[in-house]
Amino acid sequence: MGARNEQKAEHGRVDGGAGKAKPRKYRKSRKPLLNQRVSNLLSILAGALVIAASFNSFLLPNGIASGGISGVSVLLEHLYGFTPAYSQWALNIPLFLAGMLLLGRRFGLQTLFGSAILPLFVLLTANLGVPTENPLLASIYGGIGVGLGLGLVFRGRGSTGGTDLAAQILHRYTGLSLGLCVAIMDGLVIAAAGILLSPENALYALIGLFVTSKTIDIVQTGLAVSKVAFIISSRSDEIADVVLNDLDRGLTSLDAHGGYTGDARAVLMVVVSQNEVPELKRLVQGVDPDAFVIISHTAEVLGRGFKFEG
């Protein structure tokens with residue numbers, strides 16, 4: 001019985017005791033989480049506004065259907081005069097319901113806000129001016145605007161729904177890669193534009209889609225270009241010393257073995273900025289002219305000396 005009471009005492013609950021101690025509850029502050037949610041919400045709103053403005057200023061007036069539900073709404077407007085915002089809402093509703101049914105409630109709810117707010121912004125910005133009637137310029141600048149907006153939406157961990165949902169469903173039930181499924185969805189829209197409007201329109205739409213994808217990459221990873229170098233040398237210790245002291249960059253020594261000889265050797269991995277590459281090559285060649293150096297592009301680097309993201 002005493003052992004039982006001791007166990008309860010450890011949790012602050014002793015039977016018959018005059019004072020009942022309660023265990024302390026440690027709560028994580030909700031403020032950072034709330035701030036992150038507000039930041040994500042603002043990012044999605046800003047992204048949707050940029051997409052809508054680019055759509056109404058460049059893509060819609062020039063009949064450029066560069067994929068997605070927005071591309072379908074361009075086709076419907078030019079063929080039947082349907083208001084794009086209403087078309088986008090009408091097309092998003094069945095896709096949203098299908099996403100809820102086939103992909104799960106949580107996935108569907110994640111897309112609800114973006115897929116509802118984007119057509120609203122398209123409706124509110126419908127009377128913006130048209131800066132150019134040149135379809136080439138419209139496809140380039142419209143692609144930049146849509147890519148910028150989508151990049152902001154993705155950074156806010158949101159989605160604009162549309163054919164992205166259809167691509168997710170296709171991916172889930174066919175086993176095809178998600179990238180291929182997205183390409184198929186956008187390709188069908190662009191092909192329809194080529195048939196229903198003109199082949200030239202489809203070519204401009206391809207330009208817009210390409211510019212959009214590149215702009216999204218820039219928003220996600222930034223403009224800074226970094227390089228990763230792998231250095232194989234019999235004098236790796238000396239090379240490491242000059243990299244650390246003369247270039248002032250950190251490095252990692254990886255244990256490796258020669259594929260032909262089987263001999264153990266060190267491989268130095270160094271991440272540098274674009275403008276540091278010539279100096280790195282000069283330092284390595286100064287120590288060992290026969291060193292084997294591989295330099296390749298890296299999309300993003302997070303850490304000391306580079307950048308951090310919250």
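Let's start at a hairpin: strands β2 and β3 are joined with 6 residues between them, and Gly262 in the turn has a positive phi of about 80 degrees. The model is a predicted one, where local features need pLDDT of at least 70, side-chain atom pairs count only at pLDDT 80 or more, and totals for chains, interfaces and linings use all residues. Residues are numbered from 1 along each chain as its sequence is written, and side-chain values use heavy atoms, with hydrogens and water left out.

Helices (H or I, at least four residues) and strands (E, at least two) are DSSP runs, numbered from the N terminus. Two strands pair if DSSP finds at least two bridges between them. In the hairpin, β2 (residues 252–257) and β3 (residues 264–273) pair in the antiparallel sense over 6 bridges, and Thr252 stands opposite Met269 in β3.

Now step back to the sheet that holds this hairpin. Its 4 strands run in the order β2-β3-β1-β4, forming an open sheet with antiparallel pairing. β2 and β4 (292–298) stand at the edges with a single partner strand each, so one side of each is left without a neighbour in the sheet. On average, neighbouring strands of this sheet are turned by 25 degrees against each other, direction ignored. At the β4 edge, strand β1 (residues 226–232) and β4 pair in the antiparallel sense over 7 bridges, with Ile231 opposite Val293 in β4.

Next, the helices. Two packed helices are described by the angle between their axes and the distance between the axes. Here axes are lines fitted to C-alpha atoms, for helices over the stretch in contact, and angles run from 0 to 180 degrees between N-to-C directions. Angles under 35 degrees count as roughly parallel, over 145 as roughly antiparallel, 65 to 115 as roughly perpendicular and the rest as oblique. A crossing is left-handed if the near helix is turned anticlockwise from the far one by less than a right angle, and right-handed if clockwise.

Helices α10 (residues 236–247) and α11 (residues 277–287) have axes that come within 10 Å and cross at roughly 140 degrees; α10 and α11 are therefore oblique to each other, and their crossing is right-handed. α3 and α4 pack at about 130 degrees, with axes 9 Å apart. That angle makes α3 oblique to α4, and α3 passes α4 in a right-handed crossing. α4 also packs with α7, at an angle of about 30 degrees and with the axes 9 Å apart. α4 and α7 are therefore roughly parallel to each other, and their crossing is left-handed.

Finally, the space between the atoms. On a 1 Å grid over the protein atoms alone, a pocket is an open set of points where a 1.4 Å probe fits, with protein on both sides within 12 Å along at least five of seven lines; lining residues have an atom within 4 Å of a point. About 680 Å³ of space lies in the largest pocket, a volume being the space filled by probe spheres set on the points, which are joined across faces, edges and corners. Its lining has 30 residues, of which Val146, Leu150, Asp164, Asp186 and Thr212 lie nearest the centre. Helices supplying at least two lining residues each include α3 (68–80), α4 (84–103) and α7 (163–174), while α9 gives the most, with 6 residues. The lining divides into 14 nonpolar, 13 polar and 3 charged residues; Ala, Val, Leu, Ile, Met, Phe, Trp, Tyr, Cys and Pro count as nonpolar, Asp, Glu, Lys and Arg as charged, and the others, Gly among them, as polar.
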